Every structure is written in C-alpha cells, then in structure tokens.
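Got the viewer open? Let's take a walk through this one together, one selection at a time.

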Amino acid sequence: MQQRDSDQAHLLDRVQHHVDLIYRTNPLSVNLDSLATSLLELMRLDPAAAPPPQYVNHWSQRDAIAITYGDSILREGEKPLVTLKRFFDQHSEGLLTGVHILPFCPWSSDDGFSVLDYSSVNEALGTWDDVEAIAGSYDLMADLVINHCSARSLWFQNFLKGETPGKGYFFTASPEDDLSQVVRPRTSELLREVETSEGTRYVWCTFSHDQVDLDFRNPEVLRQFVSIVRHYLDNGVRIFRLDAVAFLWKVAGTTSLNLEETHEVVRLLRTLVEHAVPGALLITETNIPNQQNLSYFGNSNEAHCIYNFSLPPLLVNTLVTGNCQHLKMWMMSMPPAQNGTAYFNFIASHDGIGLRPAEGLLSDAELTSLVETMGQFGGHVSYRALEDGQSKPYEINISLFDALQGTTSGTDEWGVERFVCAHAIMLGLEGIPGIYIHSLLGTRNDYDRVENAGHYRAINRHQWDDEALESVLSREDSSHAQVFARIKALLAIRREQAAFHPNATQFTLHLGDAVFGFWRQSMDRRQSVFCISNISNAAIPLALSDINLIGTDDWVDLISGTHYHGRDEVIDVHPYQTVWITNLEGHSGAL
C-alpha cells in the first residue's frame, strides 16, 4: 500500500506541477482547487499507474503517414470516409502505416478548421464507426483544433448569451490594449466587436472572424479539451496534431506567440496522453521560424514530433534554383532529435508552402524570387500583417507538382523527375515522412476550386472522383500513375533499411552546389546509406571516392540496383536522379 501511495502521489504531483505553472499568475482569479484531480478523472487514469518508459521511439523506418481530407476522393452513393479507406486498402500496398484525416468534425469555414462540435463526425463524411474502421487498419492522426473554434458553434453562441458551456470560454481584449507586438498569420483585424449579455466585447481572432480564439486562462476550457482528447483516444485516434498551438496563450503587450504557458499546456497534454495510451503521440503544428519551431521538442517532454516546416520552402527553392547551398547549411544546423522525439517531414500539405520558416534561411531577395517563380507556375500568395500595418508574403499556394514543373528559367521537360527527386530526398531524411495525398497522386493546381471557395489555399485541395482517379492510375503513361508508382517504390525500399530509422545518424555531405547528399547510419552501425541527388538539369559525374565508401565493402544503389565494386569508380548522376548507395553487408532488404 505504501508503494501504491507513492506512485499515486507521483502522477498527481506531475499533473499538479503542470497546472501550477500554467496558472501561476491565475489572471482570472478562478478556483483551481482539485483541477489536477479532475483532469485525471476525465482521462480515466489510475493515479497509481507506473509512469511510462521515457525516451522510447514509437516509430521505425517502416512508418509513413498519408495526409488527406476525409473527402479527397468521392464516390457517388458512398460516404467519403468509406471511399478513402478502400482507396488506401487497395492502393497503398501496406506502405502507408498511418493516415492523417484533416478535420472531420462539423465545421463552418476554412475547410474544417472552424469547428462547430468537437464530439461529432461531419455527417457528410461518415460516422465514428467509419473513423474507427480506418483506425483499425492504420495509425490514425487527427487534428486537435485547440486554439480556436467556430463563431457559429454552440460554445460561442452561449458565450454571447452568458450561458454554459461557453460562458468565459473565449479570449477578449480591449482596443485600448497594447497589441502592437502580436504576431499574426493573417491581414484581417485581430479583434472582432460582438454584443453579449454583458455588453460589448472584443473577441480575439488570430485567423479569421469565424475562428474565435479560446481562453485557456479559464480552466474549464482546459477541462473541455482534455475530455475531447479522451474521446478521440476512445475512438481510435493515436496521433494528435496540435493545430496552431503556438498562438494558444495571449498576453497584451507581448507577441502572444510561443509563450511559456503554451509550452506548459503541451507538456501537460503529453503527460496525460502518454499515461492514457502508451505509444500515442503529439505532433505540434507551428508554422513559425525554425528556432522557435524546434523549441516545441522541449527537453524531450513536449511534442513527440514537430512539423519540419523549413523543409518545404528550402527544398523547393533548391530544386528550382539548382543550388543546394541553403538546404545544406540548414541541415548542418539542425540538431538530431533525441530518442523519444522525431521530426515530421513533409514537403506539401493542405496549406501552402510556408515562408516564415524560411526567414533567416533565405534572403528577402531569394524569397521574392521564389514567390515570383511559383507565380510563373500558377501559384498564388497569401499575406500576413506586420506591426507597422504593412503586409508580407506568408505562404505560397500551389500544388507541389506544379511548383516543380520548372526552374527559375521557366518550365521544362523535367517536371516528373524533379518531383520524384524531391520525395526521394525527403524519404531519406532523419524523421517520419508525411505525404499529402495530392503529392502521391501528382495532382495539379485546381483553379475552379479556388474560384468556388474564394480563397487561395483551395488550389491544392482538389477532390477526385473515384472513377476518374482509378482511370488515370490505370494508364501507365499518365503522370499521376508514374508519380504514384515511383513514390510507392521508394517507400518499399525505405521501409527495409535500418539506416532510414527516423532517429538514425545523419551527416551532411559536401559535394558541390548542384549535388545534395547526406549519409545515414543505422543505430547498430551495421548499415550506411549515402543519399545523393543531382538537383540540376545536367548530368554530373560523381566520384565514389568523394563520399568515403569503405573500400572493403561491396556497395549497391538501392533504387536502380546498380552494384559498385570500388572506391575509384565514377558514376554519372542524371538530372534529378537520386541514388541510395548502401553497403551490402548491412543491407537487409531485397532489391
């Protein structure tokens, strides 16, 4: 019994410590008695349970996650979640271990990110049974839209009426407050004037006036989200994407970005989640400059994974300029993820190519050139507001396939090769790969959807008709079929290589500006893979002596199957070709 009491105090003390740090100033002077105990009760946690092992990697080189909306593929007479599962079951061939379904709750705007009701599944998509069916076959990743919810939600309507649940749930400020330092990703007015039962109030809207920011200074809001987390876990969710979490805590007179209370909320959620379901993960979505993004690893006690936001703009810039200097410098500066944490690598998503994560990595002139190049390929630009009232490019809105159809000199015939090269680079990198469904399918810019939706991000949110999709995938000469087949082939190779474990050693190679290379080594040091990509439109000779192959080993390119028998060989790397050269002794997969 004495040991049980000790364990019980340990977990409760941990949660109480989080609560104390979050509410250390208690700005609303609310009653915090028994808050820690109530959070454990909501999560149905046994306070006497032993803490989970720390620094455990709940992933391997076999993991890859598809990112998709629930209705990215439509079939007449069938719920989209059913159609989606069938598509992945039939076409992913076991190569995709996880599926990230973008917001599947009822919503009012922003394609799901203005949530009306966190407890329900959008009837147009399906039911909780359909969600659980996907979770039964794949590691299910879901969005916890934690910073804001819809202005048309029951919570906000109750806020206006002074009723519960909702009263006191939303952050308000005064136009007289010092808000000059607030960092925002949009150009709309920050405060929205509303009439409530208690008079005029000004609610805080980081993103849009239909997305009203929640007030986590009120512990009732925290309790609600802990309850939502438990509900999602019960329905099969194993990976939580903490949407826009960097904006969570607000204080007038500050940037209201990445505040310490925000980090402590993430730490609290990790403690609760890892005790509730060992192996469940938190991924922070923080589209901010690189160093700020890295801070969400904490001391291996915050996010299990962070979105590697600097990768998309740097990799696209590399491939359209034919110069990898900035990508190399960034790679060299990135700290290896500690055990128990990992990078979440992606190069395309439902949003655009974020430019803030490239700030300080690319010059203003280089960012301008990148924006102009993407404009040549049909892209648009979204802006954010600055302190001085000016605006600045925030992200480029374009499908990745179109973004890589040429270089700064214009379009060319290397589009498919350049696109596959981008994915070969990403799949070799330290971290867990996330692949947007429209990258898997090589989907082009959807201008009709932009016009109908009224916002630029819709350009990369195409909805495929199931029959039309099956038709193009059945034609070997279609770019869609070629892209899908080649990315799957890379995934099949990747999953068999111990050196591609998300936490395996990574070292940047220096092979000139037109050749991007890095070395991966398995944790047991038996396997090495040299990942080398020609990021130019001209063939380049590569001396194997330049990459320090061990002379006593035999080596093979995992992608082409070509064998190399000596360090003195010189090979021609074709435009946008990638080679994954590994030592046969350490290689465990079949060619």
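What follows is a tour of a predicted model, stop by stop.

**Stop 1: a short helix and what comes after**

Start by selecting helix α2, residues 35-42. Colour Leu35, Ala36, Ser38, Leu39 and Leu40, and you have picked out residues that are buried. Now step just past α2 to arginine 44, where phi is positive, about 55 degrees. Most residues other than glycine have a negative phi. Keep that in mind, as a couple of later stops come back to it.

**Stop 2: the largest cavity**

Switch on a cavity display if your viewer has one. How many cavities of 30 Å³ or more does the structure hold? There are four. The largest encloses about 210 Å³ of space. To find its centre, select Phe207, Asp243, Glu285, Asp351 and Arg457, the closest to that point among the 19 residues of the lining. Then show strands β9 (237-243) and β15 (391-397), each of which gives at least two residues to this lining. Colour the lining of the largest cavity by class and you should get eight charged residues, six nonpolar and five polar.

**Stop 3: the second largest cavity**

The second largest cavity comes in at about 100 Å³. Of its 16 lining residues, Ile347, Ala348, Ser349, Gly352 and Ile353 sit closest to the centre. Helix α9 (311-321) and strand β13 (353-354) each put at least two residues into the lining of the second largest cavity. Which classes of residue make up this lining? Nine are nonpolar, six are polar and one is charged.

**Stop 4: two helices packed together**

Stay with α9 and add helix α10, residues 325-333. The axes of α9 and α10 are 8 Å apart, and the helices pack at an angle of about 145 degrees. Show side chains for Leu311, Leu314, Leu315, Asn317 and Thr318 on α9, then His326, Leu327 and Trp330 on α10: these make the contact. The contact of α9 with α10 has five nonpolar and three polar residues, and no charged ones.

**Stop 5: a lysine with a partner**

Select lysine 488 in helix α17, residues 479-494. Is lysine 488 buried or exposed? Its relative accessibility is 12%, under the 20% cut-off, so lysine 488 counts as buried. Look for glutamate 93 beside it: the two side chains are joined by a polar contact of 2.9 Å. Beyond its neighbours within four places in sequence, lysine 488 is in contact with His91, Glu93 and Leu95.

**Stop 6: three loops**

Jump to serine 522, in the loop between β21 (515-521) and β22 (528-534). Serine 522 has a relative accessibility of 2%, so it counts as buried. Leaving out neighbours within four places in sequence, serine 522 is in contact with Ala498, Ala499, Ala504 and Gln527.

For a contrast, go to glutamate 387, in the loop between β14 (380-385) and β15. At 62% relative accessibility, glutamate 387 counts as exposed. Glutamate 387 still touches Ser180 and Gln181, not counting residues up to four places away in sequence. Try a distance label from glutamate 387 to asparagine 339: they are 48 residues apart in sequence and 39 Å apart in space, C-alpha to C-alpha.

Next comes serine 208, in the loop between β7 (199-204) and β8 (211-213). With a relative accessibility of 21%, serine 208 counts as partly exposed. Its side chain makes a polar contact of 2.9 Å with the side chain of glutamine 211.

**Stop 7: backbone oddities**

Most peptide bonds are trans. So where is there a cis one? Select threonine 164 and proline 165: a cis peptide bond joins them, with omega about -5 degrees. Proline 165 lies in the loop between α5 (154-161) and β6 (191-196).

Now back to positive phi. Aspartate 111, in the loop between β3 (98-101) and α4 (128-137), has a phi of about 50 degrees although it is not a glycine. Aspartate 111 counts as buried, at 15% relative accessibility.

Finish at serine 256, in the loop between β9 and α7 (260-276). Phi of serine 256 is also positive, near 55 degrees. At 3% relative accessibility, serine 256 counts as buried.

Conventions: Residues are numbered from 1 along each chain as its sequence is written. This is a predicted model: local features need pLDDT of at least 70, side-chain atom pairs count only at pLDDT 80 or more; totals for chains, interfaces and linings use all residues. Side-chain values use heavy atoms; hydrogens and water are left out. Buried means under 20% relative accessible area, exposed over 50%, partly exposed in between (1.4 Å probe, protein chains only). Helices (H or I, at least four residues) and strands (E, at least two) are DSSP runs, numbered from the N terminus. On a 1 Å grid over the protein atoms alone, a cavity is a set of points where a 1.4 Å probe fits but cannot get out, and a pocket is an open set with protein on both sides within 12 Å along at least five of seven lines; lining residues have an atom within 4 Å of a point. Grid points are joined across faces, edges and corners, and a volume is the space filled by probe spheres set on the points. Ala, Val, Leu, Ile, Met, Phe, Trp, Tyr, Cys and Pro count as nonpolar, Asp, Glu, Lys and Arg as charged, and the others, Gly among them, as polar. Contact means heavy atoms within 4.5 Å. Axes are lines fitted to C-alpha atoms, for helices over the stretch in contact, and angles run from 0 to 180 degrees between N-to-C directions. A polar contact is a pair of N or O atoms within 3.5 Å; within protein, one must be able to donate a hydrogen and the other to accept it, and residues adjacent in sequence count only if both atoms are side-chain atoms.
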